[in-house]
Amino acid sequence: MNIRVIEIPLDFGASRRGSDMGPSAMRLAGLKQELNNLGHESEELFPGIPVPSQEFLEMGDEKAKYLVPIAEVCGKLAKEVERCIDEKLFPLVLGGDHSIAIGTLSGLGSAYKKRNKRWGTLWVDAHGDFNTPESTLSGNIHGMSLAAPCGYGRKELTALHGDFRKLDPKNTAIVGVRDLDPKEKITMKEAGLSVFTMTDVDRLGIAETAKQIVQFFKDRVDVLHVSVDMDAMDPMTAPGVGIPLSGGFSYREVLFLAETLAASSLIGSIEIVEVNPVLDVKNQTARMAVEIISRLLGGTIY
Ligand SMILES: [Mn+2]
């Protein structure tokens, strides 16, 4: 496969800074070598998408912090992601915090719309990221990054890269979730997302959960985007994330899920976000992220 790696060092969609160093941490953890070992051709988008530093920006609206610069960066990312699909390259987007997904999903939405392709998203996350400026408790846009492409929230984000709904929430599933805000839940139910909570994973086991997720997408779409927030993992395994939350995926569970998804042959793009080296221990979260990417791209033990 021909992969284009797109790095987005943007961390001001979250309160805890540092995920802007995520891409270089994943590079240090041997991403390029891993892609080569799997037999993939990969190239880095160069020059990358410029991201301003938070210190030089105005926060603006407290209910949608840094809306203007986030929309600007995400608009450029959307263009690049769409260009990848046009050029038959596989986009591998490295964050940054999860707000960058607004760019990725907008680019994919536009690219697949013009091809009349049915597409869906698997959102691997401890949180729902389905807030709007009305429901948010923090005002951080990384908590709105799934809602916006599904058509909920501020126009600057929902109409980014084209005034239409980029992603059908009915073709969207969340897995790993264990913390939702009260009003966020209401919006999620209204939108009709499919949700596999950590309680579902406990009850079904990871094998059955993964099987049901693959079936969900096989029944609905031609191509699947996988967006992985590293906070889906348990902090014992992945401490270097913006919002660590106990009770997440174990090391084995997440790799099993990734391998099962890869075996479905549905995956058309990947995004990994919220690797935060400032909060990490000896780069283990970035190394975990590279392992997840590897399995999603077909890596197996034997
Ligand atoms: Mn997230």
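**Exercise 1.** Which side chain of opposite charge is nearest to Glu 274, and how far away is it?

*Solution.* Begin with the position: in this predicted model, Glu 274 sits in the loop that runs between strand S8 (267-273) and helix H10 (284-296). Next, look for a partner of opposite charge, and you find that the nearest such side chain is Arg 16, at 9.2 Å. A salt bridge requires a side-chain nitrogen of Lys or Arg within 4 Å of a carboxyl oxygen, and Glu 274, although buried, has no salt bridge. Finally, list what surrounds Glu 274: leaving aside residues up to four places away in sequence, the residues it touches include Ser 19, His 98, His 142 and Asp 229.

**Exercise 2.** Which residues are the protein donors of the manganese ion, and what spacing do they follow along the chain?

*Solution.* First, identify the donors, which are His 98 through ND1 and Asp 125, Asp 129 and Asp 229 through OD, at 2.0 to 2.3 Å from the ion. Second, read their spacing along the chain, which is H-x26-D-x3-D-x99-D. Third, place two of them: His 98 belongs to the loop between strand S3 (90-95) and helix H4 (101-114), while Asp 125 belongs to the loop between strand S4 (119-124) and helix H5 (155-158), so the pair ties together parts that are 27 residues apart in sequence. Both His 98 and Asp 125 are buried.

**Exercise 3.** What radius of gyration does the protein have, and what value would a compact globule of 302 residues have?

*Solution.* For 302 residues a compact globule would come near 19 Å, and the protein has 17 Å, which agrees. As a further step, note that buried residues make up 59% of the 302 residues.

Terms used
Residues numbered from 1 in each chain as written. Predicted model: local features only at pLDDT ≥ 70, side-chain atom pairs only at ≥ 80, totals over all residues. Heavy atoms only, no water. Helix = DSSP H or I, 4+ residues; strand = E, 2+ residues; numbered from the N terminus. Buried < 20%, exposed > 50% of the residue type's maximum accessible area, 1.4 Å probe, protein only. Lys, Arg positive; Asp, Glu negative; His and termini not counted. Contact = heavy atoms within 4.5 Å. Donors = N, O, S within 2.8 Å, 3.2 Å for Na, K, Ca; no water. Rg over C-alpha atoms; globule rule 2.2 N^0.38 Å.
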